[in-house]
Structures are given as C-alpha cells and as structure tokens.
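Let's take a friendly walk through a protein model, looking at charged side chains and at one helix. Have the structure open while you read.

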Amino acid sequence: MARFSELCLGPLETVPVSVVAQPGVTLMSLVADALGGRSQGLHPTWRRALRSAVPEGAEAVLRPLFTPEYSMVPDCLTPTAPLWETDLSVQLERLADVPPVQLLRELETDFGGTVPRQWQSVVDRPKAFIHAYAAILGAVWEAFGPIWARAGSLLAQETERVGVAVVSNALPPVLAGLGPKIRFAGETLYVPDPHPETFERGARRVVLVPIVSGYGASVFSFDRSDAVWFGYPVPGLNTLWTTREATAERDRLKLVVGTLRAGILRELARPCTMGSLAATLNCTPATVTYHCGQLEAAGLITRERQGQHVVARHTASGGALVSLLSG
C-alpha cells in the first residue's frame, strides 16, 4: 500500500509560490529510475540510453543511496541542495570536490552515529566513492542534456501556467493535478514516501520544480529552513518522446487546469451526470471520474448521487474560475 508524507500548506491565498527549472532535480529523478530501481515512469528509450552512457558498475556504486531500508542522499551529494542554482555544470563541479570528511560527517549525523552496513563501502573509501558518483552523474547528464534543452518551451509554459494560477487564485487545481503520484486535498499536499512524516510549511516559500523524466516523477524536500519544494512531471512531457513540437496554450483555463478538466468545468455551467460528461467529452467514464475527483479535491466541483446517477456541478469557486479565465 502506498504511503505518503504530508505537507500542511495553510491557507493558499497566503502561500508564496515560485517555479524553478532546477535541472538537478530532473537529474536525480533520472538516476533513481535508470540506475536506482526507483521507477519514475522514464521512457524505455531514455532508460536504455542512460544505462549505456554510464561507466560499468554504476548501479553497484549507487546502491547505498537507494536501498529500501535507508532511502536517502546526503545533502553534500545532491545537485539539488543549491535550489536556486540552475547551472548544473557548476553543481556537478562542486559535487566532485566534496571533501571526504564532509561526507562522513553527514552520514554520521543523518544516521544518528550508526551508519548502516549498506553504506560501509562508502565509509571505507569515501574519496573513491565521491569521484565515481560524480562521474556517473556527469555521464547521465551529458547523455540527457540535449533532451533538457528541447524541454525549454515546456518549462517556460509551466512557469506561465503557475503564474496565471497564482494571480487568479487558482492554485488548488494546479496542486491537484501535479501528477499521478501526488495528491492534494483541503490545504494538504500528499507525496509518496517509504518513510512518511508530517510537515508544516510555516512561513516558508513553496517552490514547484517541473521534472523532465517520466510521468511518475516525484522528488521533494520539506526540511529546508528557507523553502519547501517538490518536483513533479512537467506537463506535455510526451511531446519530447516524439517529433511533435509542443505549442504554447493560449486558453487560460486550459493552461491552468488542462484540456480535459477545462472541458469538464465548462460543461458544468449546468449540472451534468458523469455519463453525459464522458459522452460529451469523448472519454471513458473512468477517465472523467478520475478528473472530476481531482477537481472536487480542489474545491471546484461537487458530486452527488441521485438515484442511479452521479451528478456533478460547479462550486462557487469553480464557476468563478471559469468566468475569470475564460474572459
């Protein structure tokens, strides 16, 4: 059964939000899937290309980072630690120069003084591990860099999408649609975590980090003092798997909530049954039920059983959002 860490955001109108195209988050998602056995939904072609690009024995080097019992990466080994630094070459150079004593100190702190046996090979030869680890990450990024460059228009459109949502008080549908592994309800975000905890945002900034890897991508950090951040699949990712170019969306409602959910919201100018919605929007009942569930979690629609049918209708917030973004 999936387990989730919880991030309590507080009233959304008070939440400061930023979008950062942080390549280090994408890099760690790629490494976790292709070499760490942690599925992020990476396209098989990409996975094969990355595995063939790294030095022999890379999976064995990375094994301590992805063992199920102790799934963690020390801060000094993460190219995501300098969150606002988006030049990955700088981060990879910094990582290669990590002093072995710093790594050992962080391992002692992270594991409360008793480093698990899975990390013993790293403790025995920390300098060799750092060099091998940096070489693996560098090889992965050299192979993937051209795809990251092609994703520039998607990342720019995602920044615009979130910006429109913030100024339109439409963050709930954005948070409810961040990917199949991430859930949002009320004022709480739920992200999959084998070692779940509950976190309070407090006064910290929320940073959204779109990931260019797979539709199952989920990477996050809720324990920084300055910000909480979470990575999610960048919308339109499938366009990078084909020769079809992504085009900028000019319909503001579709930009914020997506094409199908925009269609649902517009159809609900009058109450509709789930079956009629599916027929009108030319999708399966299961698909429309899933998306209505996300819109309901965001507070934009309600659903009520009436006899043999489930009837959906706008909430006041849902109707106001359609009016605001359709003008």
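Here is a short tour of some salt bridges, a lone arginine and a helix.

First, some ground rules. This is a predicted model, where local features need pLDDT of at least 70, side-chain atom pairs count only at pLDDT 80 or more, and totals for chains, interfaces and linings use all residues. Residues are numbered from 1 along each chain as its sequence is written, and side-chain values use heavy atoms, with hydrogens and water left out.

**Charged pairs**

Side chains of opposite charge can pair when their charged atoms come close. The structure holds five salt bridges (a side-chain nitrogen of Lys or Arg within 4 Å of a carboxyl oxygen of Asp or Glu). The table shows some of them.

| Arginine | Partner | Closest N and O atoms |
|---|---|---|
| R47 | D33 | 2.7 Å |
| R224 | D226 | 3.0 Å |
| R266 | D251 | 2.9 Å |

The bridge between R266 and D251 links distant parts of the chain: R266 sits in helix α11, D251 in the loop between β8 (227-233) and α10, 15 residues apart. (Helices, H or I with at least four residues, and strands, E with at least two, are DSSP runs numbered from the N terminus.)

How well hidden are these residues? Buried means under 20% relative accessible area, exposed over 50%, and partly exposed in between, using a 1.4 Å probe and protein chains only. R47 and D33 are both buried. R224 counts as buried because its relative accessibility is 19%, while D226, at 37%, is partly exposed. R266 is partly exposed too, at 32%.

**An arginine without a bridge**

Now look at R261, which also belongs to helix α11 (residues 259-267). What is the nearest side chain of opposite charge to R261? That is E158, 11 Å away, and R261 is buried yet has no salt bridge. (Lys and Arg count as positive, Asp and Glu as negative; His and the chain ends are not counted.) Leaving out residues up to four places away in sequence, R261 touches P173, A176, G177, Y290, H291, Q294 and L295, where contact means heavy atoms within 4.5 Å.

**A helix with a buried side**

In helix α14 (residues 316-325), the residues G318, L321, V322 and L325 are buried. They lie on the same side of α14, because they cover an arc of only 95 degrees around the axis (taken from the directions from the helix axis to the C-beta atoms). The face turned away from that buried side carries the exposed A316 and S323. Covering the buried residues are, among others, α8 (152-167), α9 (171-176), α10 (252-257), β11 (309-314) and α11.
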